[in-house]
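Dear colleague,

Please find below the structure that I am handing over to you. My notes on it follow directly after it.

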Amino acid sequence: MSDVFDNSQLIDELLATVALTELSPDVFEGASHDYVGSRIFGGQVLAQAIMAASHTLNEDKPCHSLHGYFLRGGDIKQPVIYQVRRLRDGRSLSAREVTAIQYKQVKGKQPVEQVIFSMIASFSPAEEGLEYQESMPVYPPPEDLPSEQELKDEHVGKVPDALKARFMRRRHVEIKPVKPRDPINPTPMKPKQANWLRIRELGNQPVAIQQALLAFSSDFYLVGTGLMSHGVSFMTSGLQAASIDHSMHFHRPFDLNDWLLYDMWSDTTSSSKGLNHGQFWQDGNLVATVQQEGLMRLRVPKS
């Protein structure tokens, strides 16, 4: 199966997203983009926060872990300001705190500063040492699977007219679900799913950009994993869903130009929140691990 499409414009938009402007020492500005609607996509903030932190390193070190909290929804009509605090620069480890800020316009008053995201990230050069990992899970290869866009074509007839244009928009990340589910009429199932993904024609990019865009990609589908056991999807009426936090560990080098397997599962939902886990695999190597708690409130209309 093939999905021929010139995605050079999408690649340009992605690279523009992670190209920050330095406003002053350790303060950067990132442009906001409409990836999922009027609120800023969490993956955008993750990617830009990683880039802001990496710009303050005295030497080139890849990120090995990050822990972030989404504190408020961001407005795509405004840029995001990233303030970086240098917590530590040791012989190998460097730690950074990143605060993402937007300014809310208040009629007749000065704009109000609002923190929308906070992250601590740690950076370290690659070292030789003890090596171990589990075996890569076995799934059908991407060549045997339809693309997400082809799957949308199958369901678009069931989507309300007002939502069709947004539903059919192409993602900036090419995704092939291993076991697709019906987003319009979902049924309860085991909360485990896997996608193949890549950013085709990304080209040769620095490690910081590769890591930033993998973090960007990690925010697709993950929070929805916790919805699967309840027979709920993002198209379900009355659903309020959002990422609350996001942690990520980078284990080994990878290349987003080529297919990565994103294996996801959820082991509990409670108190209107779901805990979701994910692993990125490439060529048999576990390259990154993700964990995210998501808000999942379902308001049933009153009869």
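Which backbone oxygen does the side chain of Ser266 reach? In this predicted model, the partner is the backbone oxygen of Leu275, and the distance is 2.9 Å. Ser266 belongs to strand β11, which covers residues 260-270. Its relative accessibility is 10%, a value under the 20% limit, and Ser266 is therefore classed as buried. Leaving aside residues up to four places away in sequence, Ser266 touches Pro191, Thr225, Gly226, Leu275 and Asn276. Leu275 thus appears both as a residue that Ser266 touches and as the owner of the oxygen that its side chain reaches.

Two residues with positive phi

Ser271 is not a glycine, yet its phi is positive, at about 50°. The residue sits in the loop between β11 and β12, the latter being residues 273-282. With a relative accessible area of 60%, Ser271 is exposed.

Asp283 is likewise a residue other than glycine with a positive phi, here near 55°. Its place is in the loop between β12 and β13, where β13 spans residues 285-298. Is Asp283 buried or exposed? Its relative accessibility is 72%, which is over the 50% limit, so Asp283 counts as exposed.

The strands β4, β5 and β6

Strand β5 runs over residues 94-104 and is mostly covered, with 8 of its 11 residues buried. It pairs with β4 (residues 80-89) in the antiparallel sense, over 8 bridges. A hairpin of 4 residues makes the connection from β4 to β5. Within this pairing, Ile81 stands opposite Ile101 of β5.

How many bridges join β5 to β6? There are 11 bridges between β5 and β6 (residues 112-123), and these strands also run antiparallel. Here Glu97 is found opposite Ile120 of β6. Strand β5 accordingly has antiparallel pairings with β4 and with β6.

The second largest pocket

I turn next to a pocket that may be of interest for your calculations. The second largest pocket has a volume of about 680 Å³. Two elements, β3 (63-70) and α5 (207-218), each give two or more residues to its lining. Of these, α5 gives the most, with 3 residues.

The lining of this pocket consists of 22 residues, and those that lie nearest its centre are Ala126, Phe250, His251, Arg252 and Pro253. How is the lining divided by class? It has 11 nonpolar, 7 polar and 4 charged residues.

Gln210 in helix α5

Gln210 is found in helix α5, the element that gives the most to the lining of the second largest pocket. Why is Gln210 counted as buried? Its relative accessible area is 8%, and buried means under 20%, so Gln210 falls in that class. Not counting residues up to four places away in sequence, Gln210 touches Leu202, Gly203, Gln205, Phe254, Asp255, Leu256 and Asn257.

To recapitulate the individual residues, Ser266 and Gln210 are buried, whereas Ser271 and Asp283 are exposed.

With kind regards

Note on methods
Residues numbered from 1 in each chain as written. Predicted model: local features only at pLDDT ≥ 70, side-chain atom pairs only at ≥ 80, totals over all residues. Heavy atoms only, no water. 1 Å grid on protein atoms, 1.4 Å probe; cavity = no way out; pocket = protein on both sides within 12 Å on 5 of 7 lines; lining within 4 Å. Points joined across faces, edges and corners; volume = space filled by probe spheres on them. Nonpolar A, V, L, I, M, F, W, Y, C, P; charged D, E, K, R; others polar. Buried < 20%, exposed > 50% of the residue type's maximum accessible area, 1.4 Å probe, protein only. Polar contact = N/O pair within 3.5 Å; in protein donor to acceptor, adjacent residues only side chain to side chain. Contact = heavy atoms within 4.5 Å. Pairing = 2+ DSSP bridges.
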